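Subject: Structure for your review

Dear colleague,

Please find below the structure I promised to hand over. My notes on it come after the model, and I would be grateful if you could read them alongside it.

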Amino acid sequence: HESKRCIYKKLIVSESELRNGIISFTQLNDEMTLIKKSIEESEMIKKNLKEYGEIIGPKKLQLEIISRELKKLETSINEIIIKYINRRLVIDYDINTHKINITTIFPGGESLVVEKFSGYEELMLNAAFKRAISKHTNKIKSKLYFIDESVEKMDKDKFETVLPQLMSLLSEEYNYIIMISQRDIKHISDNEIKIKKTNDISEII
């Protein structure tokens, strides 16, 4: 009986230890799960911080601001460019070289640099640029616009139909528009000043 009691006692002890071991293992497993979850959350935080740093980094932030402002100019410029020379202007900024690249895209997808524009196209682009800058830039708010003999580059049809439309658009941003031309501009003028040159002497007539 004594030997049976000892065996029974050992079995009880063993069962108790087993139960304690299971409890400890369960607790350890729960702790490991929490640690794993904590590590995963830490990795996610590190990843988010890295991405956030890339987004608000000096170059990235600078690029975002400049690109946003250039996009506003591009949209305003295209209000004239698309309508009058049948192509779309694209402005890109290179953050590494700090250069602004400007190209125009035809409806078919072909591109053309502005340096190859015709005289009429230069006139329209110049007007579109000045209007867009005046519209979107607070520091440059001139109310006076000069057109110096640029209309000489227009053919008869554009001179009579497109020019009045352009003047109407420009008048939205400028109080005064002064145009110098050897052509008759009565159809777009409120007032005219005629100058006559005789023997190299100019006089108002």
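The notes below cover the main pocket, the salt bridges and the contacts of aromatic rings.

Please bear in mind throughout that this is a predicted model.

**The largest pocket**

The volume of the largest pocket is about 940 Å³. Two elements each give two or more residues to its lining, namely helix 4 (156–170) and strand 5 (176–180). Strand 5 provides the largest share, with 5 residues. In total, 26 residues line this pocket, and those nearest its centre are Met179, Ile185, Asn191, Glu192 and Ile193. By character, the lining consists of 12 nonpolar, 7 polar and 7 charged residues.

**Salt bridges**

Side chains of opposite charge can pair when their charged atoms come close. The search over the whole structure returned 8 salt bridges, and I describe three of these pairs here.

The pair formed by Arg131 and Glu79 has its closest N and O atoms 3.1 Å apart. This salt bridge links distant parts of the chain, with Arg131 in helix 3 (residues 119–136) and Glu79 in helix 2, 52 residues apart. The two partners also differ in exposure: Arg131 counts as buried at 3% relative accessibility, whereas Glu79 is partly exposed, with a relative accessible area of 38%. Since buried means under 20% relative accessible area, the value of 3% places Arg131 in that class.

Another pair lies within helix 4, where Lys156 and Glu160 are 4 residues apart, about one turn of the helix. Their closest N and O atoms are 2.8 Å apart. Lys156 is exposed, with a relative accessible area of 59%, and Glu160 is partly exposed, at 42%.

Helix 2 (residues 58–85) holds both Lys72 and Glu69, which are 3 residues apart, again about one turn of the helix. Their side chains meet in a salt bridge with an N to O distance of 3.5 Å. Lys72 is partly exposed, with a relative accessible area of 38%, and Glu69 is likewise partly exposed, with a value of 30%. Both residues belong to a network in which salt bridges with shared partners join Arg68, Glu69 and Lys72.

**Aromatic rings**

The count of aromatic pairs comes to 1. The pair consists of Tyr145 and Tyr174, with a tilted arrangement: the rings are 5.0 Å apart centre to centre, with 55° between the planes. Tyr145 lies in strand 4 (residues 144–148) and Tyr174 in the loop between helix 4 and strand 5, so the pair ties together parts that are 29 residues apart in sequence. Both tyrosines, Tyr145 and Tyr174, are buried.

Charged side chains also sit over aromatic rings. The charged end of Arg183 is placed over the ring of Phe159, 3.9 Å from the ring centre. In a further contact, the charged end of Lys158 sits over the ring of Tyr120, at 5.0 Å from the ring centre.

**Where to look**

When you open the model, I suggest viewing the Arg131 and Glu79 pair, which links helix 3 with helix 2, together with the tilted pair of Tyr145 and Tyr174. For the pocket, strand 5 is a convenient place to begin, as the source of the largest share of the lining.

With kind regards

Methods. Residues numbered from 1 in each chain as written. Predicted model: local features only at pLDDT ≥ 70, side-chain atom pairs only at ≥ 80, totals over all residues. Heavy atoms only, no water. 1 Å grid on protein atoms, 1.4 Å probe; cavity = no way out; pocket = protein on both sides within 12 Å on 5 of 7 lines; lining within 4 Å. Points joined across faces, edges and corners; volume = space filled by probe spheres on them. Nonpolar A, V, L, I, M, F, W, Y, C, P; charged D, E, K, R; others polar. Salt bridge = Lys/Arg side-chain N within 4 Å of Asp/Glu carboxyl O. Buried < 20%, exposed > 50% of the residue type's maximum accessible area, 1.4 Å probe, protein only. Phe/Tyr/Trp six-rings, centres within 6.5 Å; stacked < 30°, edge-to-face > 60°. Lys NZ or Arg CZ within 6 Å of the ring centre and 35° of its normal.
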